[in-house]
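Please open the model in the viewer and keep the selection panel at hand. The tour below proceeds from one selection to the next.

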Amino acid sequence: MPEIILKNISKKWGGFTAVENLDLVIEDGAFITLLGPSGCGKTTTLRMIAGLETPTSGEIIIDGKTVFSSDKGINISAAKRDVGFLFQNYALWPHMTVYQNIAFGLETLKWKKPDIEKRVKEMLETMQIEQFEKRYPAELSGGQQQRVAIARTLAPRPKVLFMDEPLSNLDAKLRGEMRTELKRLHADTGSTFVYVTHDQLEAMTMATKICLMKEGVLQQYDPPLKVYSYPANRFVADFVGNPTMNFIPAKVRKISETKADLELFGEKFVYTSKEKLEFADGDVTVGIRPEYLPISEEGEIAGQLKGSAYSTLPAGMETTVRIKVAGSLLSSVMFGSLDYKVDSDIYFTIQGSKILLFGTDGTRVASGSVRKVE
């Protein structure tokens, strides 16, 4: 499986910049998700790697071979990059059976008939659609059609499989099932997957690394749990996670290399960082994930804060509680089904070692824990 390297890739249309100076290394056998809001440049990036879009500048290397270079005048066509592309609408031939759809690309590549038959059978078995080989696309469900589209794309054994929001046309239940299937397929084939989505849940659950973009600029490129726990900036912290991270204005004053006094909700706290604190005293934004604001009974735990119930959103397995405190509206997630009367008193604490501080420019400047000064 190949390594894919993007060096200083940019794409511009007139005065509009879709992707700006993107540097990216996609390791062998990785499952990469290009994540971000609509118009951030993720699909354009995918199409440039695949050869369906020509970059304005930069260099793309696949498996040690330069497939695009603005300086050297190289631009190898998509057909010669040995990649597979799975489109949002699946693009199956309606007049062909499942078997014929999978075999079509192999016939175009002039494979021998016995090899085609063997490979199609392998793909039918891998995707667990053997019983549908004589059916036409119109006779299949959305999930079955997607499996056929994946089988057809994987049949020629491409070095890389590109997917542009392939689950967006499916209902929520089937989308969840297909995430599981795609992750399992990635493990079974060992192929390199590059996947475009605006759905952060898809990115979090499937990817080995997330490439999060905003307005054509890379914001963070890390494994999902690192992006979630240690976002590079406020945009990343806000985009990833549901319910979203709580952001609270605060004031900070360093008292040692790793400790600082923190004024939050009108209360005094001591902040202990994992690394050396390197920022100026003054205004910061504290970022707290909802799971780090556990609710407790009055007097049950030291360091409690008091707020009022703004709304309670039970979802069966977990409950999201919106808490109003000192002019801020916070989200807390608790395990199980809970309910609180609107405007009733709620007591909660700040727990965990991943309480974040963001500077005035939005960059994360610290990660650590807080302790209320009694």
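**Confidence and overall view**

Colour the predicted model by pLDDT: confidence is lowest in strand 7 (residues 83-86), with a mean of 81, and highest in strand 11 (residues 217-222), at 98. For the protein, the mean pLDDT is 91, and 100% of the residues reach 70 or more.

Now display the whole chain as a cartoon. Eight helices and 22 strands make up its secondary structure. Along the principal axes, the C-alpha atoms fill a box of roughly 80 × 50 × 35 Å. Of the 374 residues, 49% are buried. Among contacts between residues at least 6 apart in sequence, 64% join residues at least 24 apart.

Switch to a surface representation. The accessible surface comes to about 17900 Å², and 50% of it belongs to carbon and sulfur atoms. Then select the charged side chains: 46 are positive and 47 negative, and the centres of the two sets lie 4 Å apart.

**Strand 9 and its two partners**

Next, select residues 192-197, which form strand 9. Is this strand enclosed or open? Six of its six residues are buried, so strand 9 is largely enclosed by the rest of the structure. Show the side chains: Thr192, Val194 and Val196 point one way, while Phe193, Tyr195 and Thr197 point the other way. Such alternation between the two faces of the sheet is what a regular strand shows. In strand 9, the residues on both sides are buried.

Add strand 3 (residues 31-35), which pairs with strand 9 in the parallel sense over five bridges. Within this pairing, Phe31 has Phe193 as its bridge partner. Then add strand 8 (residues 160-164), whose pairing with strand 9 is also parallel and spans five bridges. Here, Met163 is bridged to Tyr195 of strand 9.

**Strand 22 at the end of the tour**

Move to residues 364-372, strand 22, and select strand 14 (residues 267-273) with it. These two strands pair in the antiparallel sense over five bridges. To locate the pairing, centre on Phe269, whose bridge partner in strand 22 is Lys372.

Finally, select strand 21 (residues 355-358), which pairs with strand 22 in the antiparallel sense over four bridges. One bridge to inspect joins Ile355 to Gly368 of strand 22. What do strand 21 and strand 22 form? They form a hairpin with five residues between them. In the turn, centre on Gly362, which has a positive phi of about 90 degrees.

How values were computed: Residues numbered from 1 in each chain as written. Heavy atoms only, no water. Buried < 20%, exposed > 50% of the residue type's maximum accessible area, 1.4 Å probe, protein only. Contact = heavy atoms within 4.5 Å. Areas by Shrake-Rupley, 256 points an atom, 1.4 Å probe, with all protein chains shown as cover. Lys, Arg positive; Asp, Glu negative; His and termini not counted. Charge placed at Lys NZ, Arg CZ, Asp CG, Glu CD. Pairing = 2+ DSSP bridges. pLDDT = per-residue confidence, 0-100.
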